[in-house]
Amino acid sequence: MSAEARATYPRAVHLLVALAWPAAAVAIGRRWRIAEPTSGAVETVVVATASTLILAGLVGVLLGALGRFSAPPLAVTGAILAALLWPRGQALVPRPAPQLRAPAIALVVIVLGGLALRAPLHSAALAGRDQGTYVLRAQHLLRSGGFQLRDPVLAAAGAAPESPGSIDLLGLYPTDGDPWRQGIYEGAYRPGLYLTDRESGSIAPQFLHMHPTLLAIWGIVFGPSQLAGILYLYAALSILAIAAVAARLWPQRRWAAPLAAALLATMPLVIWVQRTPLTEALVLPLGLSALLVALASRRDWITAVLLGSLGWIRGNAWLAAPLVLAVLWFRRAEERRSGPLLYGLALTASLILHAYSVFPYLYDELHRQLGDVIALRPPTLVVLPLAGLALWALVDRLIATPLRSRFQGLRRQLPRLLIIAGAAAIGIFLVGQPTPLQRPFSRLDPALAGLSLPLLVAAGLGALRLLLRPPVASTWTLALSSLPATTLLLYSQRNLPQAGLFYYGRYLTPELAPLAILLAVYALLGLVELVERRVAGRRIQALLRVLPPTLLLGAVSLPLVLHPIVRVQEHAGSERMVEAIAAALPRGAIVLAGGEGWHSSHAFNQVGGALVLGHDVGVLPYRSAEVAYATLHALLVDDTLARPSPPRVFLLLGEASHAYTRESDGALIAAIDDLLPPPFRARPVGLYELYTDRLTPEVEAVPTRVTRSALRLGLFEVVVDPTLRAPRSWRFADGESVGDGPLPLKKATWRGGHLCLDPKRDLTITLPDPPDAAALVLEGAPGEHGSAAQWQVRLGKKRRADLKPPPRVRERGTLGPIPLNPDADEPTRSIRVRGSSQARGSADCPHGQLRELRLLPRPSASASPRETIAQSWAPPRDLGHPPKRATWVRGRSLSRLRPGIRPAPKLDGLSLVLEADEATTFPRTELPPGPGVWIAHLTRLRDGPTSLELRVDGALLVDLALPQEHTRSWQSPPIPWSAGSSAASVTITLRGPPGAAISLRDLAFFSDEPLANSP
């Protein structure tokens, strides 16, 4: 069903979803009350809500897997389940009217206060981070009704292998090259998505399905813009669930439940997680609900379903399953085998479904945790759990009964063994803890700051008390208690590239935060018992009962008082930029997102990903000017997509370089690079500036600072401008060159009418006179698997063209534009071309075939830029530092992405490494004409460099003094210069003692020409 049809469902259908599933929850609650007459109202609400979330999530996942997710089937399914689950012929046991006692009133206040602390929710409108992937997947599910995606551009290119531009479009996403991936998936498509088959454009999403499905169901009821509102339900359920668990564990201590709830409600780490649409916000209440059922009921199958449902949310549930099943083997005689089997089947079903729908993610996640333990292929992920579960059942049936009685002593020691296992995992973590903390990080690194030292000390005392006096517990309670031990063991590994208290501390919340809270409460209970036995006097006893819990609660919640900034709304308003860009794009548009500038990855990953999933816009990567030219040519000239009319193509570019503040008027100047090679011209559509706030990452302390980020993008429509002088071109076919005049060839090899290249002999091409072209383009024959990237091209007698592909591009059918006339006094009059050393081409031309040569004039700037309107958005609170709105100008940066740098540079991440007294020359580059300034951006200075010498076309422009001590990025003062009508060559030389070096992010030219009007 089309997205338009889904959008036309009457509101009444959505209302039926809002009525059917609460009705199912009421039915489940009534059944629970009948089956467990001693269960109170809070327990009933927790069990009914958690069960309904699982049922709704499973139904939604199955509908999404079938491509049938929408409001009508959800409403019908919910109504059917409510009717089937409604108890018939069974009456509730009469109970006295509930009385509002102090603990009940306190719990209500805690829940309401906890929800207030979690408002407003963090924004997750941008892709590139896990929370954005979940929200955007939910939006895509709402719009399309299914989980899978298809890239129509790649599919069209894959269906037309003989099209000249197909290899360039397919080469945007090169195959990974690892043998094990062949026939499984091609590699990463963009953050949150995997390309499973390049030629068909098939794409699989990242992460498991239930969480985005529940977000989508909430969006059906309350609207797509409110789908993250389900986090409030998760939070309330978590607080009620831990209170119900504490009440079950210590029924004689009425204050235990409110204390546990208050600790969870006010813990800053938990608050941050439950404001962010991550899976941990859902796993926390469901895990606590499973523990509650294990404590309150002998109906093991309910616990099994609740625990097994975690395998539909996070992969950790599969890794924890072996220990859980091992503990369940020690069950008592009255505890049936059906519960463990149902738990195993729930996990196996989730593994099988996800093995084929999100396999690339499964491989990456399990490989990160398990390494190369086993070759994890989809068939393996199906056979392995089925075989393991069958083996467990067989062993359990054949030898468990005679052996179980012999292991009762061991069973009684299981609580001690689990505590010892958890302590051993912590020991492993502490032994491997580097000082100072450095990469790779562990998921336990933020534990001290995230859970707070007083809480961890109290939890340690509670664990010691438990070790000395292990309780008598049901097997399912013991099995659930094994989850933290497995979590500690997995999270003690040092395999994280980054760390930060909140974003990476989120892993602590589902299992370890509630464990720490419950153990701490248990320790306080022991202290109270000690006080009651040893201290005389009721007033002193009352004081000593109240003081420790109050101090512990205060210690946990103190950061909210001392540092209220921890509740800043992160990324507030980021959806406004995405919505504005999406509104400016027509239906069926194709966007090249990225660029060579400062925010290129943000343009492609964050905003581009949001356009793909949230608005069904086709987005291709702009990784370099050369790759962008080949892409534009394939779409707008070659008609590779074979559409009735050429698509409308847009560029979404990050700012050319980091903005700077102009001293004359204090204006913040941002540049955008709108130069395109003919016959393309950029038509400005909009310039966008987004300021967002986020907490500055801290690992071993609560963050107390805010980082303000500025994301600046420009949107341009690309048109083929007939008024531009058309490029001169020649085609080589049928044994001759046909084009704009004669083109002499020397040592040409023709086979089957094709112009073939030789790896050991030059094909020399004499360019027409006068040599006024700015750039050269060579096009290989299609179907050669991008072998043009392996050719050798020499310009004139000396210079060898730099054909090194940009990052993440290996397959190319088009080379160039390659700048000509690298030296003003020696224009290029001929080129020499050799083929690939590897035989990858056709039978006639195994080392490459030259199909076309094009000579391009100078690039052209956008038309009427002053008619463009610039928009800017900032957070609702300026935190005492109002952001400054940028003034847009034209500009261009010289960075590692510029081909032809001499000598070939060393790289430091995204930067060029310049060493003392070594000159680095950028090729002649077109720049916006007119006056402007040069600015250098350094990301690192090492061993005392003194100055940076800058020459333009050989003339010394400035010898720029460098700071002697600087630990962070450094921006040079503006260097005035005026660009002429021709391209310029820039040489930079670092001066300093031997061993001195700098990392140059880019050298940028900012024109003085304004690019946009004020709104």
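Here a visitor and a guide talk through a few local features of this predicted model.

Visitor: Why is D943 called exposed?
Guide: Its relative accessible area is 58%, and exposed means over 50%, so D943 earns the word. You'll find D943 in the loop between β31 (930–942) and β32 (947–952). Its phi is near 60°, a positive value in a residue other than glycine.

Visitor: And why does D953 count as partly exposed?
Guide: D953 comes in at 44% relative accessibility. Buried is under 20% and exposed is over 50%, with partly exposed in between, so 44% puts D953 in that middle class. D953 sits in the loop between β32 and β33 (955–961), and its phi, near 55°, is positive too.

Visitor: What makes E626 a residue with no salt bridge?
Guide: The nearest side chain of opposite charge, R898, is 5.0 Å away. A salt bridge has to be within 4 Å, so R898 doesn't qualify. E626 is buried all the same, in helix α28 (residues 625–637). Leaving out residues up to four places away in sequence, E626 touches E596, G816, P817, L897 and P899.

Visitor: What makes the nonpolar surface patch?
Guide: L448, L453, V457, L461, L464 and L468 do, covering about 590 Å². Helix α22 (residues 453–468) gives the largest share, five residues, while L448 lies in helix α21 (residues 447–451).

Visitor: Which residues are joined by a cis peptide bond with omega of about -5°?
Guide: That's T435 and P436, with P436 in the loop between α20 (414–431) and β5 (441–442).

Definitions and conventions
Residues are numbered from 1 along each chain as its sequence is written. This is a predicted model: local features need pLDDT of at least 70, side-chain atom pairs count only at pLDDT 80 or more; totals for chains, interfaces and linings use all residues. Side-chain values use heavy atoms; hydrogens and water are left out. Helices (H or I, at least four residues) and strands (E, at least two) are DSSP runs, numbered from the N terminus. Buried means under 20% relative accessible area, exposed over 50%, partly exposed in between (1.4 Å probe, protein chains only). Lys and Arg count as positive and Asp and Glu as negative; His and the chain ends are not counted. Contact means heavy atoms within 4.5 Å. Patches are made of residues with over 30% relative accessible area and no salt bridge: like charges are joined within 9 Å, nonpolar side chains (Val, Leu, Ile, Met, Phe, Trp, Tyr) within 5 Å. Accessible areas come from the Shrake-Rupley method with a 1.4 Å probe; for residues, only the protein chains shown count as cover.
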